Amino acid sequence: FDIVQRIRDGRRRRTPMGNMPALSGMVYCADCGRKLYQVRCTTMNQKDYMVCYSYRKIKRACTSHQIRNEVIENLLLEKLQNLLAFVGRHEDIFVRLATKQSKEEMNRSLRDGKRELEQATARMQKLDAIIQRLYEDNIDGKISDDRFAKMTASYEQEQAELEARIVELRDLMDEAKAKSDGIDSFLKIVRGRTEITELTPAIIREFVDKIYVHQAVDFEGQRIQQIDIAWNFIGVFDPPKSDIEATKEKSA
């Protein structure tokens, strides 16, 4: 159901500048987590590209993470073709590798999420006690009404932020558990598929959850930029690069 809704949402909409790009809403900054902002080019010698929303909208909040759409699309098509080919040849190895990775990611997410959730819950309880003491001090005349209002407003704002974070953490932990059971769901959309030679918004949303773009770096005179693709149901997964490596994984 969720994938069908994503496919419907991804249907290209006509805008004054033309159709929305196929990757619209799918690409995220690997550092700050915000979406990459689409920049449409109208000149013949330029290509459409994306930049980090935080960089574009909030001064010094992040770096640009600038990348051309066609670079992401070319890499995505190559990785999708490689993944489909690998699953077609070595489904048993894929299941074993994906299951192992999924369990490791789930355990890490649950461990980190549980620790932060406990800290946030403890802080919420402490804030309740602080606000209660402030109220009593105000009643006893130890602090003025103005001072009481300013201090409680600050603590209540922190409480609201913590409450939102607690909800987010619980959702993330539920998502981690769901992904650990998603391998069969991923195989259902892979089995029987012929080779994909062209990307469409529907295909992208059928297979891809999110795309994470890292800040480009210069290495020995070359511009290198890491891109991570999180697939629906299984998250980030890169198959072995060759059948020899796959055979080694099978016998490991």
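**Reading a predicted model, feature by feature**

Student: Let's start with cysteines. How far is the sulfur of Cys29 from the closest cysteine sulfur?

Tutor: The sulfur of Cys29 is 3.7 Å from the one in Cys32, which is too far for a bond. Keep in mind that we're looking at a predicted model. To call two cysteines a disulfide, you want their sulfur atoms within 2.5 Å.

Student: Okay, and which cysteine sulfur is closest to that of Cys32?

Tutor: That one sits in Cys52, with 3.5 Å between the two sulfurs, so again there's no bond because they are too far apart.

Student: So how many disulfides does the structure hold?

Tutor: The count is 0.

Student: Is Cys29 buried or exposed?

Tutor: For that you look at relative accessible area, and under 20% means buried. Cys29 has just 1%, so it counts as buried. Cys32, on the other hand, has 32%, so it is partly exposed.

Student: What about the whole chain? What share of its residues counts as buried?

Tutor: It's 35% of the 252 residues. As for the outside, the protein chain exposes about 16,200 Å², and 48% of that comes from carbon and sulfur atoms.

Student: Which residues form a nonpolar patch on the surface?

Tutor: Look for Val217, Phe219 and Ile224, which together have about 260 Å² of accessible area. Ile224 belongs to strand β9, which covers residues 222-224. Its relative accessibility is 37%, so Ile224 counts as partly exposed.

Student: You mentioned a strand. How many helices and strands are there in the protein chain?

Tutor: You'll find 8 helices and 11 strands.

Student: How do I read a sheet, then? In what order do the strands of the open sheet with 3 strands come?

Tutor: Follow the pairing from one strand to the next. Here the order is β4-β5-β6, with antiparallel pairing. At the edges are β4 (36-39) and β6 (67-68), each pairing on one side only.

Student: How many bridges are there between β5 and β6?

Tutor: Strand β5, residues 49-52, pairs with β6 over 2 bridges, in the antiparallel sense. If you want a spot to zoom in on, Met50 stands opposite Ile67 in β6.

Student: Last one: what do contacts say about residues far apart in the sequence?

Tutor: You check how many positions separate the residues that touch. Taking contacts with a separation of 6 or more, 59% in this protein chain are between residues 24 or more positions apart.

Note on methods:
Residues numbered from 1 in each chain as written. Predicted model: local features only at pLDDT ≥ 70, side-chain atom pairs only at ≥ 80, totals over all residues. Heavy atoms only, no water. Patch = residues over 30% accessible without salt bridge, like charges linked within 9 Å, V, L, I, M, F, W, Y side chains within 5 Å. Areas by Shrake-Rupley, 256 points an atom, 1.4 Å probe, with all protein chains shown as cover. Salt bridge = Lys/Arg side-chain N within 4 Å of Asp/Glu carboxyl O. Helix = DSSP H or I, 4+ residues; strand = E, 2+ residues; numbered from the N terminus. Buried < 20%, exposed > 50% of the residue type's maximum accessible area, 1.4 Å probe, protein only. Contact = heavy atoms within 4.5 Å. Pairing = 2+ DSSP bridges.
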